[in-house]
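Hi,

Here is the structure I said I would pass on to you. Have a look at it first, and then read my notes underneath.

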Amino acid sequence: MMERTPFDVVVSDLRMPGMNGVEFLKEVRERYPLSTRIIYSSYADQQVMLGGAGKAHQFLPKPCPTEWLRAALQRTALIHSLLPDPIMRQKVAKMERVVSLPALYLQLVRQIQSVETPIGAIAATVSEDLGMTAQILKIVNSAFFGLSTSSIAEAISHLGLETLKYLVLAVGVFSQFESRKLGGLSLSTLWQHSTRTAHAAKLIAKSEGAAKNQVEDSFAGGLLHDLGKLLLASQYPELYETVGRNAREKNAEWFVEERNIFGFDHAQVGSSLLGLWGLPLTVVEAVAYHHSPAKIGGRSFVPVAAVHAANLLVQTQRLSHGGIPSPQLDRDYLANIGCANALDRWRAELDNAPAI
Ligand SMILES: [Fe+2]
Ligand SMILES: [Fe+2]
């Protein structure tokens, strides 16, 4: 059937007569890499599910609310609108194979979704991964987060589960690029820029009285907004060096030069990967449109506004990723969502906020 018309999304159970779901999705991955692959199975199959990581993009527990499936389809539709050209999607599908969604993040998502899991059990799950625990404690004990603790449970009680979950995701993803050639891009500088943008985006969302999930999505969007740079730089290090050189010579923004060279930019690439991985739609949109928030439209405050402004604020605070010109602020968009004069207030709040 797929030979005639490849499907945009393939949803499969793990247990099927005649074929194992993981094997089936592996086959789909080989033959139709552009299709979004989703495993739909019971929590009892969690271990098999984790073994299936890489074969599937997303996992949906069986049964799950219809909205979850609807959200998965909406994310796929968004990826198609971000990357309308199948050749572009093919390139992203290739990049998707060089980086994987950290298994610990998946476990946390599942534990947080289940209302019965106590915080202690979630802290224990993180603590089993000694490398991740050390990195998370290092981050939360930095002056930036302002904690002094050697306990993951304490870090959770300060930061909240969602913030911890997204830190685990970002640390797990960024660390996969440690020993790769990145075409002149500095991993540590980008990490610093990303955490600062996350901090600023969270603060802006709080300042606007956004709902708790919007505050968390702003943090996640800030943390992951430039992930596409790592994907492009690691996949095409020589070309990416040219991107950086051209941007410096022309005093242009990197995404403009990325478009000149690749035909698409890091916002499209990063958000497409996050969409495939099943992150919340608002996070995917915040990453996709962090340079062009007006494309989302609407007249109310949404996480993309926080990430758009935060990306600018941290760079004008001289905390930028080395020598890149400040991004353009879309003042008309901010006026449309009722934040015409908010930038100076956000800047002042950020200057006065020592830690998250
Ligand atoms: Fe960016
Ligand atoms: Fe940025």
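Below is what I found, starting with the domains and ending with two spots in the backbone.

One thing to keep in mind: this is a predicted model.

The protein splits into two parts, with domain 1 covering 1-64 and domain 2 covering 85-351. Measuring from centre to centre of their C-alpha atoms, you get 28 Å between domain 1 and domain 2. The two do touch: domain 1 puts 10 residues into the contact and domain 2 puts in 12. On the domain 1 side, the elements that supply two or more residues are α2 (46-51) and β5 (58-61). That side of domain 1 is made up of 5 nonpolar and 5 polar residues, with no charged ones.

Now for the backbone. Most residues other than glycine have a negative phi, and most peptide bonds are trans. Here are two places to check against that.

The peptide bond between Lys62 and Pro63 is cis, with omega at about 0°. If you want to find it, Pro63 sits in the loop that runs between β5 and α3 (66-82).

The other spot is Asn251, which is not a glycine but has a positive phi, near 55°. You'll find Asn251 in the loop between α13 (237-250) and α14 (254-262). Is Asn251 buried or exposed? Asn251 has 9 C-beta neighbours inside 10 Å, and a residue with 12 or fewer is classed as exposed, so Asn251 counts as exposed.

Cheers

Definitions and conventions: Residues are numbered from 1 along each chain as its sequence is written. Chains are lettered from A and ligands numbered from 1 in the order in which they are written. This is a predicted model: local features need pLDDT of at least 70, side-chain atom pairs count only at pLDDT 80 or more; totals for chains, interfaces and linings use all residues. Domain bounds come from an automatic or database domain assignment. Two residues are in contact if their C-beta atoms, placed from the backbone, lie within 7 Å. Helices (H or I, at least four residues) and strands (E, at least two) are DSSP runs, numbered from the N terminus. Ala, Val, Leu, Ile, Met, Phe, Trp, Tyr, Cys and Pro count as nonpolar, Asp, Glu, Lys and Arg as charged, and the others, Gly among them, as polar. A residue is buried if 20 or more other C-beta atoms lie within 10 Å of its own, exposed if 12 or fewer, and partly exposed in between; C-beta atoms are placed from the backbone.
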